[in-house]
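Q: I should like to learn how to read the features of a protein model. May we go through one together, step by step?

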Amino acid sequence: SSIFIVVHGFSLMFAWFLWILHGFSYNFIILNAGGYTHTSVAISDAIDAINTKVIEVHITNIYSREEYRSKSLLSINCQSVICGFGLDSYKLALKSL
């Protein structure tokens, strides 16, 4: 079997929201929402609205950072969270599939 990977990066929260809602057409999403992880209820709601498996990924360990960065609004709606393994966090997410 093979995997087709689509990579997106957005600076506008609304673009993230729309892209996630298009998740209906994906088998899975590996998501690093950056600073929106800690602030975006809209992205969390978009994840909740789809049936697609979403894995939240962070290069750093968000739980060892500043207090406001140690809370994810997205995690509750994601299948799993992988953080703190540097760029290997993305490889671990792919291996978990």
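Q: Is Arg65 buried, partly exposed or exposed, and at what relative accessibility?

A: This is a predicted model, and a residue in it counts as partly exposed when its relative accessible area lies between the limits of 20% and 50%. Arg65 has 36% relative accessibility, so Arg65 counts as partly exposed.

Q: Which residue meets the side chain of Arg65 in a salt bridge?

A: Side chains of opposite charge can pair when their charged atoms come close. Here Arg65 meets Glu66, with 3.8 Å from N to O. Glu66, at 39% relative accessibility, is likewise classed as partly exposed.

Q: Which residues are linked with Glu66 in a network of salt bridges?

A: The network joins Arg65, Glu66 and Arg69. The side chain of Glu66 also meets that of Arg69, at 3.2 Å from N to O. Arg69 is partly exposed, with a relative accessibility of 24%.

Q: How many salt bridges does a search of the whole structure find?

A: The search finds three. Besides the pairs already described, Asp88 forms a salt bridge with Lys91, and their closest N and O atoms are 3.5 Å apart. Both residues belong to helix α3 (residues 88-96), where they are three residues apart, about one turn of the helix. Asp88 is partly exposed, with a relative accessible area of 40%, whereas Lys91 is exposed at 54%.

Q: Let us turn to the interior. Which residues touch the most other members of the largest nonpolar core?

A: In soluble globular proteins, nonpolar side chains tend to be buried together. The largest nonpolar core of this model has 13 residues, and those touching the most other members are Ile20, Leu31, Ile43, Ile47, Val54 and Leu74. Two or more core residues come from each of α1 (13-21), β1 (28-31) and α2 (41-49).

Q: With which residues is Val54 in contact, leaving aside its neighbours within four places in sequence?

A: Such contacts show which parts of the chain meet in space. Val54 is in contact with Ile29, Leu31, Ile47, Cys78, Gln79 and Ser80.

Q: Which residues of α1 are buried, and where do they lie around the helix axis?

A: One reads a helix by looking down its axis. The buried residues of α1 are Trp16, Trp19 and Ile20. They fall within an arc of 95° when seen down the axis, so they line one face of the helix. These buried residues pack against β1 and α2.

Q: What is the order of the strands in the sheet?

A: A sheet is read strand by strand. This one is an open sheet of three strands in the order β1-β2-β3, with parallel pairing. β1 and β3 (80-83) are at the edges; each has a single partner strand, so one side of each is left without a neighbour in the sheet. From one strand to the next, the twist averages 20°.

Q: How many bridges pair strand β2 with β3?

A: Strand β2 (residues 53-58) pairs with β3 over four bridges, in the parallel sense. For His58, the bridge partner in β3 is Cys83.

Q: Finally, what separates the C-alpha atoms of Phe28 and Leu94?

A: Separation along the chain and separation in space are two distinct readings. Phe28 and Leu94 are 66 residues apart along the chain, and their C-alpha atoms are separated by 9.7 Å. Phe28 lies in strand β1 and is partly exposed, with a relative accessible area of 23%.

Note on methods: Residues are numbered from 1 along each chain as its sequence is written. This is a predicted model: local features need pLDDT of at least 70, side-chain atom pairs count only at pLDDT 80 or more; totals for chains, interfaces and linings use all residues. Side-chain values use heavy atoms; hydrogens and water are left out. A nonpolar core is a set of buried Ala, Val, Leu, Ile, Met, Phe, Trp, Tyr and Cys residues joined through side-chain atoms within 4.5 Å. Buried means under 20% relative accessible area, exposed over 50%, partly exposed in between (1.4 Å probe, protein chains only). Contact means heavy atoms within 4.5 Å. Two strands pair if DSSP finds at least two bridges between them. Axes are lines fitted to C-alpha atoms, for helices over the stretch in contact, and angles run from 0 to 180 degrees between N-to-C directions. A salt bridge is a side-chain nitrogen of Lys or Arg within 4 Å of a carboxyl oxygen of Asp or Glu. The arc is that of the directions from the helix axis to the C-beta atoms.
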